[in-house]
2 protein chains.
Amino acid sequence: MTSTSQPDPSGQPAGRGGYAKGRAKRAEVIQATIVSIAESGFHGASLRDIAARAGISHAGLLHHFPTKAHLLMAVLEHRDDVDGVDLDEDVAQGVSFIEAMIGLAERNARRRPVVEAFTVLAAEATTPDHPAHAYFKIHYNEAIASATQSFRELKAAGRLRPEVDPEREGAQWIALMDGLQIQWLQSLAEPDGRPLDMAAELRYRLDAMLTTPSN
Amino acid sequence: MTSTSQPDPSGQPAGRGGYAKGRAKRAEVIQATIVSIAESGFHGASLRDIAARAGISHAGLLHHFPTKAHLLMAVLEHRDDVDGVDLDEDVAQGVSFIEAMIGLAERNARRRPVVEAFTVLAAEATTPDHPAHAYFKIHYNEAIASATQSFRELKAAGRLRPEVDPEREGAQWIALMDGLQIQWLQSLAEPDGRPLDMAAELRYRLDAMLTTPSN
DNA sequence: GTCTATATACCGATAGAC
DNA sequence: GTCTATCGGTATATAGAC
């Protein structure tokens with residue numbers, strides 16, 4: 001045979017693992033969308049700009065994602081998949097959700113466009129008619145619930161100082177992460193001085209609540 | 001951070017009480033801009049929508065503010081003036097900056113569009129080429145510096161627990177305020193359940209750091 | 001100070017060729 | 001699967017009448 005690893009150029013099912021080219025282009029478009037939203041927000045990002053970054057026309061993009069809102073949802077779902085894998089891995093190893101969130105902050109410090117995009121989207125999506133509003137409502141409810149539950153467990157294990165209230169700390173932990181992301185992004189825009197260390201800030205906050213140091 | 005009075009923004013010397021109508025219309029436009037940015041962000045807000053809310057045409061609006069960016073700057077400066085008056089008042093009465101920020105959170109809970117607009121602007125403006133980028137860089141540096149200094153003073157007065165680090169708490173205090181604003185806005189979009197009490201959350205956080213209850 | 005009318009550019013989305 | 005061409009709409013900004 002001639003070329004060995006030709007992944008179905010015709011765009012047909014091909015039984016097991018078809019649509020390789022289509023899925024690769026979709027992934028490229030999703031990455032381009034994250035960068036564009038990071039720079040301009042959802043309203044400001046244009047399909048033409050995103051398509052150009054992905055190396056296709058904007059009509060070609062709309063073949064993969066029928067509307068701009070569909071594209072946005074694909075970005076959000078993709079992020080859930082990526083983060084979910086890492087968090088599940090940590091939790092499977094017995095790491096508490098709170099500790100896993102510090103790990104997430106560490107990984108985020110290596111993915112600036114993702115943080116930029118989600119920071120602006122979370123702010124935009126507080127308006128009820130934003131296409132990502134429902135997503136962030138669920139996303140935040142779950143994150144706060146998980147953090148709260150984690151603090152409850154730490155409290156039950158006697159690892160939290162007596163005056164610490166798990167019911168408040170869950171929401172405040174998520175709020176702190178969001179606020180630190182804004183400051184981290186701003187610190188990257190300042191040429192002098194080193195960037196904010198989000199994970200170190202979170203570690204400090206957690207240690208301040210623990211009866212014994214975390215590490 | 002100019003907390004003093006505006007020297008006639010219309011550009012001409014008001015002399016003996018001139019330009020009253022122009023200034024009133026400018027104020028109306030600024031309020032309309034806040035609402036529009038709150039709903040759509042800066043990129044998504046349109047001059048036609050803003051002008052319609054203020055009861056003029058978009059060309060009439062551009063008579064007062066030559067470009068969209070000029071309009072944005074006017075909004076930011078106006079907010080500095082309004083908040084500056086309240087904060088200066090508190091500080092003049094001997095209230096610490098941290099306590100004054102809790103008061104600000106209380107007032108913000110009665111100004112949803114302002115919080116919406118500034119939450120989305122702060123996120124958008126982390127990109128260096130956003131027209132509000134320079135403003136927020138200064139704004140955050142000042143806010144963090146003031147909060148840090150306030151924590152230093154509390155520490156020196158022996159009112160902070162020994163393990164509390166004033167150098168970290170200033171930035172974390174501002175981060176917490178930002179994150180709570182996002183959650184407060186989201187809580188307003190949920191018909192069930194009562195809204196998040198930002199001031200109560202901050203009071204809890206402060207009390208957790210103090211050797212003696214704050215109030 | 002505000003308007004109508006317009007210039008110029010870009011938007012999201014569709015149609016149809018290949 | 002991707003393209004070119006195009007539709008209908010809206011964007012910021014300007015020109016000039018009143």
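A cavity is a set of grid points where a 1.4 Å probe fits but cannot get out. In this predicted model, the count comes to 8 cavities of 30 Å³ or more.

The largest cavity holds about 140 Å³ of space. Its lining is made up of 16 residues, and those closest to its centre are A:Arg205, A:Ala208, B:Arg205, B:Ala208 and B:Met209. Helix α9 (198–209) of chain A and α9 (198–209) of chain B are the elements that contribute two or more residues to this lining. By character, the lining of the largest cavity divides into 8 nonpolar and 8 charged residues, with no polar ones.

The second largest cavity has a volume of about 90 Å³. Chain A lines this cavity with A:Glu169, A:Gln172, A:Trp173, A:Leu176 and A:Arg205, while chain B does so with B:Glu169, B:Gln172, B:Trp173, B:Leu176, B:Arg205 and B:Met209. At least two lining residues come from each of α8 of chain A, α8 (166–189) of chain B and α9 of chain B. Here the division is 5 nonpolar, 2 polar and 4 charged residues.

Helix α8 of chain A also takes part in a packing between the chains. This helix, residues 166–189, packs against helix α7 (residues 133–156) of chain B at an angle of about 115°, and the two axes lie 11 Å apart. The crossing of α8(A) past α7(B) is left-handed. On the α8(A) side the contact is made by A:Ile182, A:Gln183, A:Gln186 and A:Ala189, and on the α7(B) side by B:His133, B:Phe136, B:Tyr140 and B:Ile144. The residues of this contact comprise 5 nonpolar and 3 polar, with no charged ones.

Key:
Residues are numbered from 1 along each chain as its sequence is written. Chains are lettered from A and ligands numbered from 1 in the order in which they are written. This is a predicted model: local features need pLDDT of at least 70, side-chain atom pairs count only at pLDDT 80 or more; totals for chains, interfaces and linings use all residues. Side-chain values use heavy atoms; hydrogens and water are left out. Axes are lines fitted to C-alpha atoms, for helices over the stretch in contact, and angles run from 0 to 180 degrees between N-to-C directions. Helices (H or I, at least four residues) and strands (E, at least two) are DSSP runs, numbered from the N terminus. A crossing is left-handed if the near helix is turned anticlockwise from the far one by less than a right angle, and right-handed if clockwise. Contact means heavy atoms within 4.5 Å. Ala, Val, Leu, Ile, Met, Phe, Trp, Tyr, Cys and Pro count as nonpolar, Asp, Glu, Lys and Arg as charged, and the others, Gly among them, as polar. On a 1 Å grid over the protein atoms alone, a cavity is a set of points where a 1.4 Å probe fits but cannot get out, and a pocket is an open set with protein on both sides within 12 Å along at least five of seven lines; lining residues have an atom within 4 Å of a point. Grid points are joined across faces, edges and corners, and a volume is the space filled by probe spheres set on the points.
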